[in-house]
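Take a walk through this chain with the model open beside you. Each stop takes up one part and how it sits against the rest.

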Amino acid sequence: MKRLISKQLEAWKNSNHRKSLLVRGARQVGKTWVIREMGQKFDQFFEVNFELDREVASFFTGSLEPKPLCKKLSAFYGKAVIPGKTLLFLDEI
């Protein structure tokens with residue numbers, strides 16, 4: 001299924017200066033689906049659903065320093081966080 005936002009997300013992914021991305025919209029319009037599709041284009045994809053992954057949600061309490069956070073996520077999911085090549089998707093925040 002092709003969505004209008006796909007080209008914009010592809011441009012964001014290919015940008016040399018990309019920053020965090022917030023995807024907002026009405027309920028049940030395909031936000032999670034489109035991010036999962038984009039995640040397939042990255043070497044690594046971590047999806048953290050704060051409603052389902054209560055244990056992982058605890059990683060985000062206190063300090064949000066990237067290095068310790070990435071270490072915890074790597075250990076939990078059993079795969080490395082590779083800077084610039086890993087998409088971290090925080091869902092149901």
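Is Glu92 buried, exposed or partly exposed? This is a predicted model, and that holds for everything below. In it, Glu92 counts as partly exposed, because its relative accessibility is 39%. Buried would need a value under 20%, and exposed a value over 50%. Glu92 lies in the segment after strand 2. Its phi is near 60°, a positive value in a residue other than glycine.

Gln28 is another residue to check for backbone geometry. Phi of Gln28 is near 60°, again positive in a residue other than glycine. Gln28 is placed in the loop between helix 1 and helix 2. Its relative accessible area is 74%, so Gln28 is exposed.

Stay with the segment after strand 2, where Ile93 is found. Ile93 is exposed, with a relative accessible area of 81%. Together with Leu88 and Leu90, Ile93 makes a nonpolar surface patch. The area of that patch is about 290 Å².

Now turn to helix 2, which spans residues 31-39. Which of its residues are buried? They are Val34, Ile35, Met38 and Gly39. Seen down the helix axis, these buried residues fall within an arc of 145°, so they line one face of helix 2. An α-helix has 3.6 residues a turn, so residues three or four places apart point the same way. What lies over the buried residues of helix 2? The cover includes helix 1 (5-14), strand 1 (44-49) and strand 2 (86-91).

Gly39 deserves a closer look. This residue belongs to helix 2. Its relative accessibility is 3%, so Gly39 counts as buried. Set aside the neighbours within four places in sequence, and Gly39 is in contact with Phe45 and Leu87. Gly39 and Leu87 are 48 residues apart in sequence. In space, their C-alpha atoms are 6.2 Å apart.

Strand 1 comes next. Five of its six residues are buried, so to describe the strand as mostly covered is fair. How do strand 1 and strand 2 pair? They run in the parallel sense, over six bridges. One pairing to locate is that of Phe46, whose bridge partner in strand 2 is Leu88. Leu88 is also one of the residues of the nonpolar surface patch.

Gln44 has its place in strand 1. At 18% relative accessibility, Gln44 counts as buried, because the cut-off for buried is under 20%. What does Gln44 touch, beyond its neighbours within four places in sequence? Its contacts are Lys79, Ala80, Ile82, Lys85, Thr86 and Leu87. Leu87 is thus in contact with Gln44 and also with Gly39.

Charged side chains come last. Side chains of opposite charge can pair when their charged atoms come close. How many salt bridges does the structure hold? There are two.

Lys41 forms a salt bridge with Glu10, and their closest N and O atoms are 3.0 Å apart. Lys41 lies in the loop between helix 2 and strand 1, while Glu10 lies in helix 1, so the pair ties together parts that are 31 residues apart in sequence. Glu10 is partly exposed, with a relative accessible area of 26%. For a sense of scale, take Glu10 and Val48. They are 38 residues apart along the chain, and their C-alpha atoms are separated by 21 Å.

Arg36 and Glu47 also meet in a salt bridge, at 2.8 Å from N to O. This pair links distant parts of the chain: Arg36 is in helix 2 and Glu47 in strand 1, 11 residues apart. Arg36 is partly exposed, with a relative accessible area of 40%.

Look back at helix 2 with both views in mind. Val34, Ile35, Met38 and Gly39 are its buried residues, and they line one face. Arg36, in helix 2, is partly exposed.

Notes
Residues numbered from 1 in each chain as written. Predicted model: local features only at pLDDT ≥ 70, side-chain atom pairs only at ≥ 80, totals over all residues. Heavy atoms only, no water. Buried < 20%, exposed > 50% of the residue type's maximum accessible area, 1.4 Å probe, protein only. Helix = DSSP H or I, 4+ residues; strand = E, 2+ residues; numbered from the N terminus. Arc of directions from axis to C-beta. Contact = heavy atoms within 4.5 Å. Patch = residues over 30% accessible without salt bridge, like charges linked within 9 Å, V, L, I, M, F, W, Y side chains within 5 Å. Areas by Shrake-Rupley, 256 points an atom, 1.4 Å probe, with all protein chains shown as cover. Salt bridge = Lys/Arg side-chain N within 4 Å of Asp/Glu carboxyl O. Pairing = 2+ DSSP bridges.
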